[in-house]
Amino acid sequence: MSGYVAYVGRRLAQFVLVVFIGINLAYVITHATPIDPVEQSISAVTYYGNTAPDAIEQMRTSLRELYGLGGSPVEQYLAFWKRILRADFGPSLSAFPTPVSTLIGRALTWTAGLLAVSTIVAWGLGSLLGGLAGYYQNSRGLKLMGVIAMGLHPIPYYILALVLLIVFGFLWPVLPISGGSAMNLPQTLTFDFVTSVLQHAILPALSLILIGVGSWFLGMRALVSNVVTEDYVVYAELAGVRPWRVLSMYVMRNALPPQLTGLAISLGGIFNGAVITEKVFGYPGVGSLLVDAVYAGDYGLVLGVTTVSILGVSVGVLVIDLLYPLLDPRVKVH
Amino acid sequence: MMMRCFRAFLLVAWAFAALPFLLANSGSAQGTSKNIPRKELLILENPEGTVKNAGWFNIWAINAGSQSNGLQQVALDTLWYIDPERGLDGVWDNSLAADKPQYNADFTEMTVKLRKGIFWSDGVEFTADDVVSTVTTQIKHPGMRFSAVLASNVASVEAPDAYTVVFKLKKPNSRFHANFTVRWGAVWILPKHVFDKVEDPAKFDFNKPVSLGAYVLNSYDPDGKWYIWQLRDDWQRTTLGRYGKPGPKYLAYIDPGPPDKRVIAQLNHELDVIHDIAPEGMFALAKQSKVTRAWFKGFPYGHPDPTLPAVIFNTQNELFKNPDVRWALALLIDIKAVSMAAYRGAATISAIGVPPTGAHPATYHQPMEEWLKGFEIDTGKRKIKPYDPTIGRQIAEMLRPSMGEQIPSDPAEIARAFGMGWWKVDPQAAQELLEKAGFTKRGGAWTTPDGKPFTVRVMVEGDLRPVMTRAGTMIVQLWKQAGIDARIDVAQGMLPTRRAAGDFDTFIGWSVETWGGHPDLSYFLDSWHSQFVAEPGKSQPLRNWQRWSNPALDKIIESIRMVGFDDPKSIELGKDYIKLAVKEMPTIPLMAYNVFTAMDQTYWTGFPTSENPYTNPVPNWGNSRYMLVKLKPAG
């Protein structure tokens, strides 16, 4: 047990280091971009207006002050870390003065709902079907499933999304093609709103699930195909253990850990958002928020989303790493 | 047992797959509001997309919320409007002002008489105090949107009575009223009785907004996808009221998503007005929908904005200081190829430095035609007349075999749709001009006077503005063919920053923006004065991105500053600017910026069109409010 405690300590230290390096990299990259949020704001404000050129200089000075972009690079860097340690990402520069945390919080609700459900459904279906296909290798239905998975897997995501959009949004217009819910519905837990949210989630979720299932299916089938040749499986079958028990207790259980790792990383990655899904389906979420923030040179928002994402993926991997030694007897910690 | 389980699983999977269809409303993809009848609702695109801080309506604060979500179109108001088209009652509209601005003799004082009987949506009467507060509040708070422009112009502002405002200006300015005149936007009047109670007006969300327009906010999406506005019961007490009752009771400004989604939404009759789509999207709509209408009934469909996309040189770059070089590059451009590449031919070309839209064809393009025909360039070896008055007609003829009857045959219509003339492609003259400027052609490739390869980067915005990107790509190809080391330079979102910093050789964009409906050119021209040209390496204020300074231009601008807005002398001075710009070629004018606004007539009719051009159809413009009183339910 003391070995495990030491392992946890080492792993936590590694986690802190990874997060620290990741956030610093994000800080450096965002500040190295040539996009200047002040110029972007001025451009947006004056693009069609008739602001006199000498007034622009005054506006530029005022905005730098207002956005807190004054001070030396070191002062700005230290101020950034002070805020991060308080979980305060400051105001968004492109949606000033709305706090970055408010924007992320709102977008994350949609992204997490869509991606968490889609990821888990795709993982569950893909793993189950892949496991069955790996074990019952002569089943025609499962062989067909394998062909479908092989066919779906290499399709670029946006192609599938567009096909779904055209089929169910235009040729047979039965599903909403844009947004998270219908117009003029208050975001309260009413039947109309919940139904509308589900309707709007169907196409983006379906596109994610179809591609995801194929990927998880192929992974699990390959894992199970290896496990079924292991001695303990052969022995169990020869010993007359019922096939369902062999499949669930001997095969699936031993094939699942790599899939679980993948699931944890995928769930951690939810905090990145699904950029293409959100763009194609006009779904409100973190991915769209991040892209817009990059174009607007909104350092605060880009850093906020990136930090949450770094934490999400790192925590996902950390949890798996800490659970592995407890769940899998083959993993030893020293 | 296993197969039974598997079959059960398949059944569950089938049920899961069927769930979408059980949930779906047949026939309704977008799912418009259940509690608003579709026949009372006009749905328009907000081109700002998804609005991040959706609950902000304080347009006087920078970056606070959306402008084009209906806020500037139907909820706010200001003193005057100038329509880029003909207007409901002429181009000029006295909105909150009862009359045109009155200046004193030396243009240091502007008096405004206000309209009586106009009320805010909360029942408070609009008075001169609101105008004074709009100015003083923003001057007091330097972080506000119009603070800088007002602070640099206004010495004092007073309200001698409830319906009169007197501005005393810091320096003579015959165009000060432009700040309170809507072209696209303007200094909107804020409600004094609301902002007086606010501690920091720059950090006030103004939610729910008090409206001075004919509509009030009904509801909005906290995620910024849609805004719904409702007609005021007392719409007669607004400035739009004198034109009659607006047709739609409700307006929805929505983010319909990328271009393909906009097309699908309109084909499904769930988006009445598309702000803009690529030419191909417009062609698809024209082909597939019998009820979609664009500005032109047929080709080229789009509404030509009063802006002028051009090849904009960085004239502070040593290579482009010499007008002969700029002219040589112009004579290597085949505008027909550029028109085809950018707009598939659906472009309105312009050889001169004003867009061929609104009042300008009649004021500038047609009267200057003879001068252009006679205009000569000295190539160093001979004199040439570079203007070809038939290019517009050539484009029309080129398109006729594929577009058939959609291409007009009347010369006036062709000129209106495709433009008049442009510059001939003349590689020989271009070669002579480059040689005159000290350039040398070695082995088919041009070198600069100091012996380096003649490299020209053409900066474009990439997929953020595909039409301009295609134009830039074609121009690069044409220059390459002539032996110039031309390269495309995709700036994407960095274009505003790089443009301001002068970090480009050339770029495709516009530095010419006009009122459109009014011939005065000061809207952009004043900012071209050399007093505003930044030092190389420093940030250039808009709009003189070409950083062109010229004593003759300064003289023209200074003369315009001292004549009234409607004085015919300003048109003559405008022509002087055009002649100078033709000789100097600081930017190579290409064409009007065509906006492919598509209007679905399933639920509403009476949209503005080229046959009935009473206002700009592009729905994010403040002027688009005028279409609301002309719209009628369809059937």
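1. Take the β6/β7 pair of chain B to start with. Strands β6 (residues 154-161) and β7 (residues 164-169) pair in the antiparallel sense over five bridges; strands here are DSSP E runs of at least two residues and helices H or I runs of at least four, numbered from the N terminus, and two strands pair if DSSP finds at least two bridges between them. The two form a hairpin with two residues between them, and Val154(B) stands opposite Leu169(B) in β7(B).

2. A word on the ground rules. This is a predicted model, where local features need pLDDT of at least 70 and side-chain atom pairs count only at pLDDT 80 or more, while totals for chains, interfaces and linings use all residues. Residues are numbered from 1 along each chain as its sequence is written, chains are lettered from A and ligands numbered from 1 in the order in which they are written, and side-chain values use heavy atoms, with hydrogens and water left out.

3. Back to the hairpin's sheet. It is an open sheet of four strands in chain B, in the order β4-β5-β7-β6, with antiparallel pairing. β4 (102-103) and β6 of chain B stand at the edges with a single partner strand each, so one side of each is left without a neighbour in the sheet. β4(B) pairs with β5 (residues 109-113) of chain B over two bridges, in the antiparallel sense, and Gln102(B) has Thr111(B) in β5(B) as its bridge partner. Helix α3 (residues 128-140) of chain B lies across β6 and β7 of chain B, at about 160° to β6(B); axes are lines fitted to C-alpha atoms, for helices over the stretch in contact, and angles run from 0 to 180 degrees between N-to-C directions.

4. Chain B also has an open sheet of five strands with mixed pairing, ordered β23-β22-β24-β15-β25. Its edges are β23 (485-490) and β25 (587-589) of chain B, each with a single partner strand, so each has one side without a neighbour in the sheet. Neighbouring strands are turned by 25° against each other on average, direction ignored. β22 (residues 455-460) of chain B runs parallel to β23(B), joined by six bridges, and Met459(B) has Asp489(B) in β23(B) as bridge partner. Helix α15 (residues 466-481) of chain B packs on this sheet, touching β15 (310-313), β22, β23, β24 (506-509) and β25 of chain B, and its direction makes about 165° with that of β23(B). Contact, throughout, means heavy atoms within 4.5 Å.

5. Now chain A, which has 13 helices and zero strands. Its C-alpha atoms fill a box of roughly 90 × 60 × 35 Å along the principal axes. Of its 334 residues, 52% count as buried, meaning under 20% relative accessible area (1.4 Å probe, protein chains only). Among contacts between residues at least 6 apart in sequence, 75% join residues at least 24 apart.

6. Where does Gln259(A) sit? Its place is in helix α10 (residues 243-268) of chain A. Gln259(A) is buried, with a relative accessible area of 6%. Leaving aside neighbours within four places in sequence, its contacts are Trp123(A), Ser127(A), Trp216(A), Gly219(A), Met220(A) and Leu223(A).

7. Last, helix α12 (residues 286-296) of chain A. The buried residues there are Val286(A), Gly287(A), Ser288(A), Leu289(A), Ala293(A) and Ala296(A). Just after α12(A), Gly297(A) takes a positive phi of about 65°.

Methods
Buried < 20%, exposed > 50% of the residue type's maximum accessible area, 1.4 Å probe, protein only.
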